[in-house]
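Work through these exercises with the model open beside you. Try each task before reading its solution.

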Amino acid sequence: MVHWDDKGQTLIVPAEQGGIIMRCGEKCFYVKIDKNNRTETLPVYARTTAEARKTVRRELGKQTSILSVRERK
């Protein structure tokens, strides 16, 4: 789970508190999805763009419309 502070900075929550566990080689990808006729951008930690897509579909359902996947620079 990723939280944002008031300055737009990413805050990583410890795993014990429901946070994420980074694996070796993971990067942050921004996945843009179409949800209820609105576009949303989600930060997803994965090793590849394909893995980021799989993660979103696993969490939100197979019918999720993914518009783009971009690596965070």
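**Exercise 1. Count the secondary structure elements of the protein chain and give their order.**

Solution. Keep in mind that this is a predicted model.
- Step 1: count. The chain holds one helix and five strands.
- Step 2: read from the N terminus. The order is β-β-β-β-α-β.

**Exercise 2. Which strands form the open sheet, and in what order?**

Solution.
- Step 1: take the order across the sheet. Three strands line up as β4-β3-β5, and their pairing is antiparallel.
- Step 2: find the edges. β4 (38-46) and β5 (65-71) each have a single partner strand, so each has one side without a neighbour in the sheet.
- Step 3: add the twist. On average, neighbouring strands are turned by 25° against each other, direction ignored.

**Exercise 3. Trace the pairings of β3 and name a bridge partner on each side.**

Solution.
- Step 1: locate the strand. β3 covers residues 27-35.
- Step 2: look toward β5. The two strands pair in the antiparallel sense over six bridges. Here Y30 stands opposite R70 of β5.
- Step 3: look toward β4. This antiparallel pairing runs over nine bridges. C28 has Y45 in β4 as its bridge partner.
- Step 4: inspect the turn. The hairpin of β3 and β4 has two residues between the strands. N36 takes a positive phi there, near 55°.

**Exercise 4. How many salt bridges does a search of the whole structure find? Classify the exposure of R38 and E40.**

Solution.
- Step 1: search. The whole structure yields one salt bridge.
- Step 2: identify the pair. R38 bridges to E40, with the closest N and O atoms 3.8 Å apart.
- Step 3: test the distance. The cut-off is within 4 Å, so a pair at 3.8 Å counts.
- Step 4: classify R38. Its relative accessibility is 52%, and exposed means over 50%, so R38 counts as exposed.
- Step 5: classify E40. Buried would require under 20%; E40 has 23% relative accessibility, so E40 counts as partly exposed.

**Exercise 5. What share of the protein chain is buried, and what makes up its exposed area?**

Solution.
- Step 1: take the buried share. Of the 73 residues, 25% are buried.
- Step 2: turn to the surface. The chain exposes about 5,500 Å². Carbon and sulfur atoms supply 48% of that area.
- Step 3: add the contacts. Among contacts with a separation of 6 or more, 36% join residues 24 or more positions apart.

Notes: Residues numbered from 1 in each chain as written. Predicted model: local features only at pLDDT ≥ 70, side-chain atom pairs only at ≥ 80, totals over all residues. Heavy atoms only, no water. Pairing = 2+ DSSP bridges. Helix = DSSP H or I, 4+ residues; strand = E, 2+ residues; numbered from the N terminus. Axes fitted to C-alpha atoms, helices over the stretch in contact; angles between N-to-C directions. Buried < 20%, exposed > 50% of the residue type's maximum accessible area, 1.4 Å probe, protein only. Contact = heavy atoms within 4.5 Å. Areas by Shrake-Rupley, 256 points an atom, 1.4 Å probe, with all protein chains shown as cover. Salt bridge = Lys/Arg side-chain N within 4 Å of Asp/Glu carboxyl O.
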